[in-house]
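Thanks, everyone. I have one structure to go through today, and I will take the sheets before the cysteines.

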Amino acid sequence: MSAANPPESYVCDTLPAPKLATEHDVQPPTPVVRNDKPPPEVVPLHTTPRKLCFRHQRMADEGTNLKLQQSLDAMPLEERQAVNAIWSNFSSSSHPRRALILQGLLTMCCFSQLSLLTEHLAHLIRIDPFACFPREVSLKILGYLDATSLCRAAQVARHWKALADDDVLWRGICEQHIGQKCAKCGWGLPILENKRTYRTRSVSPPLERPLSSALKRANPEVLDSGPPLKRQRSNNDGPQSPPLTMHNISTSYDADPTCPNTLLAPNTSSDGNNSVTRPWKDVYSERMTIERNWRRGRCTVRTLKGHTDGVMCLQFNENLSYPSFPVLITGSYDRTVRVWNMEAGVELHTLKGHTRAVRALQFDDIKLITGAMDHTLKVWDWRRGRCIRTLTGHTDGVVCLNFDSNVLASGSVDQTIKVWNLRTGGAFTLRGHSDWVNAVQLWDSNPGARTEQSNLSLFDVSPGGCLSPRGNTCSGSEIDVGKMLFSASDDGTIKLWDLTSRTCLRTMSGHMGQVQSMKLLTASDCDTADEPSAEGTTTSSSESNEPTSATTPDTADQTSEKLSTVSPPQTTLFSNRKKPVLISGSLDNTIRLWDIDTGKCVRTLFGHIEGVWAVASDKMRLVSGSHDRTIKVWSREEGKCTATLVGHKAAVSCLALGEDKIVSGGDDSDIKIWSFSG
């Protein structure tokens, strides 16, 4: 085939080869005409644009022919003519003839020439697609890659790295994984709300305290037989049998009113004006590191010492409006409640007032409520370190409590549950358990029924340190419709109560031992699609869906009200809403997940070799503390233990779960902070 008739498939007009300069290429100098007439307008000739493939277009952009021309000009005239003849002949040849010439040249090449060809071809045949596409198209293509593939793409070239690190791509990956589990890969990353803005870190040194031997949990009377505390001013030293009314609530101030200023007012020089913006890739990388540490059990451990006896309850909060550091509050058998700067490991102050072991506590931005074996509950202004109220009504030790914006529930050794209306001061008693009530958990099953006064509380503290002027001025006198309560007992059962009608709706049986702790995952914290069905459980045959018989309320609170029995087991209670998941830990060494609609156990977790004292969970994972001195981290969906943490020298009696840490307390008097943030 001749060069005059190229095939239709050959559409590339190759760049002309470098050639020798001839006399025709030399332009004579243009004579200078001295007149005032403008030069004649030159009409450019119409030329057909060249058709270049990507490879020759890149050559034109890179100036490859110019470099060859410079090398050719440096050669003698005879050699230039010979090389130019070869190039011109090849350039004017058809595609098949070019292939034949190349095959012949390859047969003439030695290994040195073949090696040179290999080096050049490795670069010439490589095409960078992102150098051709617009940026928007390139980002669209990279948007189909996962995080690992994007990181590998960023290592190819600087141009690729600029595209692969684009905030648009990584923001989409963060939205797909952070705060939820990805439907494709199954991984979820923590939100780390406290790291979204810059916070000034505390630099206070940790406070060292001597460690004393812990007393046994089984005998709470050992500590109580000792001398009373010097600052004890409790007005309720003995058992309190009368029912609660607002008239027999005593007020006492047991602690030193002075406390660190950082707890009283926001620090105006802290994170308010120092917020910074980070690339989304850094946000993802930080959270991926934490998630990998969770899955591999990698953590650093700090120990806080201060209590002189077993730590029975604790809670921490990293998202307070002020102070800027996370706050940890712990209660112990040594009758004290301690407030800590969890970041620096420093004890801020000690709250004294209870005359027996502190078994339960909960705090929010305003108040702290504690329950103790001295039959009382105390309401504290934890920022100032003073007691505001002492609540009486239980006839034996208080071992658990839980409150929300307007309801406080407490469980006791006296086998009863007291429900306190924080808006009006009223209270009533729920009876039905036949042994200690070890855990209570409030649940708002119908948030839409909350009134405008729902967030008002008698015990809210104003910025000046006084009680807010609320109370009987609230218009709402009854508990909101849909307010529920779960309770767990040493009798091995878990009960679901309707606080509006004051009836027991359901009893969940299945544990072979005392139920010590509960955790309720709300609908926003769990995915029903991930939960196993009741038919695939490994629960024992003693589980029952039978409704409980009618219970008798406290006659002093509601003498005229008769409780009705619950509906048959076949009737669902919350079929039209996404249901939360209830998790319980028991001294039968197991952890159980419950369907609150049917009252059946949907999954049982085995792993601890002794009783489980504490459980905690979020939408990512579940943790448990046991009498076998270990803490186990579980995958809630798979039901498998992913890590076992060993460090306590005695039973792990309480724990709290954060996005990147676990805080645990034990009978060895130690508080341990297990940090997975790397």
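**Sheets and cysteines**

In strand 3, leucine 314 has threonine 330 as its bridge partner. Keep in mind that this is a predicted model. That bridge belongs to the pairing of strand 2 with strand 3, residues 327-332, which runs in the antiparallel sense over six bridges. Both strands sit in an open sheet of four strands, ordered 2-3-4-5, with antiparallel pairing. Its edges are strand 2 (311-317) and strand 5 (346-352), each of which pairs on one side only. From one strand to the next, the twist averages 20°.

Now the sheet further along the chain. Here four strands form an open sheet in the order 10-11-12-13, and the pairing is antiparallel. Strand 10 (398-403) and strand 13 (427-431) are the edge strands, pairing on one side only. The twist here averages 20° from one strand to the next. Inside this sheet, strand 11 (residues 407-412) and strand 12 (residues 416-421) are joined over five bridges in the antiparallel sense. Across that pair, asparagine 421 in strand 12 stands opposite valine 407.

On to the cysteines. How many disulfides does the count come to? The count comes to zero. Take cysteine 110: the closest cysteine sulfur is in cysteine 109, at 7.6 Å, which is too far for a bond, since a disulfide needs the two sulfur atoms within 2.5 Å.

Is cysteine 504 buried or exposed? Cysteine 504 is buried, because its relative accessibility is 4% and the cut-off is under 20%. Cysteine 110, at 49% relative accessibility, counts as partly exposed, because exposed means over 50%.

Key. Residues numbered from 1 in each chain as written. Predicted model: local features only at pLDDT ≥ 70, side-chain atom pairs only at ≥ 80, totals over all residues. Heavy atoms only, no water. Buried < 20%, exposed > 50% of the residue type's maximum accessible area, 1.4 Å probe, protein only. Pairing = 2+ DSSP bridges. Helix = DSSP H or I, 4+ residues; strand = E, 2+ residues; numbered from the N terminus. Axes fitted to C-alpha atoms, helices over the stretch in contact; angles between N-to-C directions.
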